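Colleague: Got a minute to go through this one with me? I'd like to get a feel for it before I head back to the bench.

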Amino acid sequence: MFDYLRDPQEIYRQSFATIEAEADLARFPKELRSVAVRIIHACGMVEKGDLIAFGGDVVTAAIRSLQNGKPILCDAEMVRHGIIDRLLPQQNPVICTLNTDGNAERAAKLATTRSAAAIEDWADHIDGAIIAIGNAPTALFHLLEALISNRLAKPALIIGMPVGFVGAEESKEALIAHAGDIPFVTLRGRFGGSAVTAATLNALARLASPGQTPDGTATKPTDPDKGNGK
């Protein structure tokens, strides 16, 4: 009935070719370029490439953390479920503590959101881990406060892409200003969200996984990524 492209690998190839042709990728280090392409692909807007900000050696930090089996700590279940398990090189644990017992009460006691309060449960996991915040600006602010005060150990990398109209832009600017020697990648402004955060992590996982191509295309047609790939 409709004439449209059905080959998943050809869809990927044409999508990435469009991004390469239309986005300004010259400022990205070679090793980070495929990650930037994936972020733009998840947004569906080439102009969002101009808002990508990063610090430190993002790719090396991510590869080392993932290959050493360190966990991925997420602020939201949607981020956790967007991460493709089969790409993780050491079956890395993907942890979201938002709904752990007692977190709602702790949030009330701290007078903050559940997402921010859930950061307190990361103490036993955060050293050398990858942080993936794609929903709550309060979680990113709370994380930065805990790191600056040395209440929490340093993660290997922070992917900080909360979305929204209140605090999202400010929390990401705080990340840029106060990450210190912790590598980070973010998306300036109000835009962000679980999908683009998970896409960023998946792109980095491809670089850490033997046999994966950086952009996810294959030499032979295969089924496209579906859901969280579990």
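Modeller: Let's talk through confidence, cysteines, one aspartate, some backbone angles and the salt bridges.

Colleague: Start with the basics, what kind of model is it and how are residues numbered?

Modeller: This is a predicted model, where local features need pLDDT of at least 70 and side-chain atom pairs count only at pLDDT 80 or more, while totals for chains, interfaces and linings use all residues. Residues are numbered from 1 along each chain as its sequence is written, and side-chain values use heavy atoms, with hydrogens and water left out.

Colleague: What does the chain average for pLDDT?

Modeller: The average is 93, and 93% of the residues score at least 70. pLDDT is the predictor's confidence in each residue, from 0 to 100.

Colleague: Where does pLDDT stay under 50?

Modeller: Over residues 219-230, for which the model has 20 contacts beyond four places in sequence. A contact means heavy atoms within 4.5 Å. Where pLDDT is low, the predicted coordinates should not be read in detail.

Colleague: Okay, cysteines. How many disulfides does a search of the whole structure find?

Modeller: Zero. The cut-off for a disulfide is a pair of cysteine sulfur atoms within 2.5 Å.

Colleague: Why no bond for cysteine 43?

Modeller: Because the closest cysteine sulfur, in cysteine 74, is 18 Å from the sulfur of cysteine 43, which is too far for a bond.

Colleague: And cysteine 74, why no bond there?

Modeller: Its closest cysteine sulfur is in cysteine 96, and at 6.4 Å that is too far for a bond as well.

Colleague: Is cysteine 43 buried or exposed?

Modeller: Cysteine 43 counts as buried, at 13% relative accessibility. Cysteine 74 is buried too, at 1%. The cut-offs are under 20% relative accessible area for buried, over 50% for exposed and partly exposed in between, using a 1.4 Å probe and protein chains only.

Colleague: Where is cysteine 43 found, and what does it touch?

Modeller: Cysteine 43 is in helix α2, residues 30-43. Helices (H or I, at least four residues) and strands (E, at least two) are DSSP runs, numbered from the N terminus. Leaving out residues up to four places away in sequence, cysteine 43 touches Lys48, Leu187, Phe191 and Val196.

Colleague: Switching topic, where does aspartate 75 lie?

Modeller: In the loop between β2 (72-74) and α4 (77-82). Aspartate 75 is buried yet has no salt bridge, and the nearest side chain of opposite charge, arginine 80, is 10 Å away. For charges, Lys and Arg count as positive and Asp and Glu as negative, with His and the chain ends not counted.

Colleague: Which backbone nitrogen does the side chain of aspartate 75 reach?

Modeller: The one of asparagine 135, at 3.0 Å. Aspartate 75 also touches a set of residues beyond four places in sequence, including Cys96, Trp122, Ile133 and Asn135.

Colleague: What about backbone angles, what is phi of alanine 111 near?

Modeller: Phi of alanine 111 is near 55°, a positive value in a residue other than glycine. Alanine 111 sits in the loop between α5 (103-110) and α6 (114-117), and counts as exposed at 70% relative accessibility. Asparagine 150 has a positive phi too, near 65°. Asparagine 150 is in the loop between α7 (137-148) and β5 (157-160) and is exposed at 65%.

Colleague: Last topic, how many salt bridges does the count come to?

Modeller: Seven. The rule is a side-chain nitrogen of Lys or Arg within 4 Å of a carboxyl oxygen of Asp or Glu.

Colleague: Which residue does arginine 80 form a salt bridge with?

Modeller: Glutamate 77, with the closest N and O atoms 2.7 Å apart. The two are three residues apart in helix α4, so about one helical turn separates them.

Colleague: And what does arginine 106 meet in a salt bridge?

Modeller: Aspartate 121, at 2.6 Å, N to O. Arginine 106 lies in helix α5 and aspartate 121 in the loop between α6 and β4 (130-133), so this pair ties together parts 15 residues apart in sequence.

Colleague: Where does arginine 151 come in?

Modeller: Arginine 151 forms a salt bridge with glutamate 120, the closest N and O atoms being 3.0 Å apart. That pair links distant parts of the chain, 31 residues apart: arginine 151 is in the loop between α7 and β5, and glutamate 120 in the loop between α6 and β4. Arginine 151 is partly exposed at 45% relative accessibility, and glutamate 120 is partly exposed at 26%.

Methods
A polar contact is a pair of N or O atoms within 3.5 Å; within protein, one must be able to donate a hydrogen and the other to accept it, and residues adjacent in sequence count only if both atoms are side-chain atoms.
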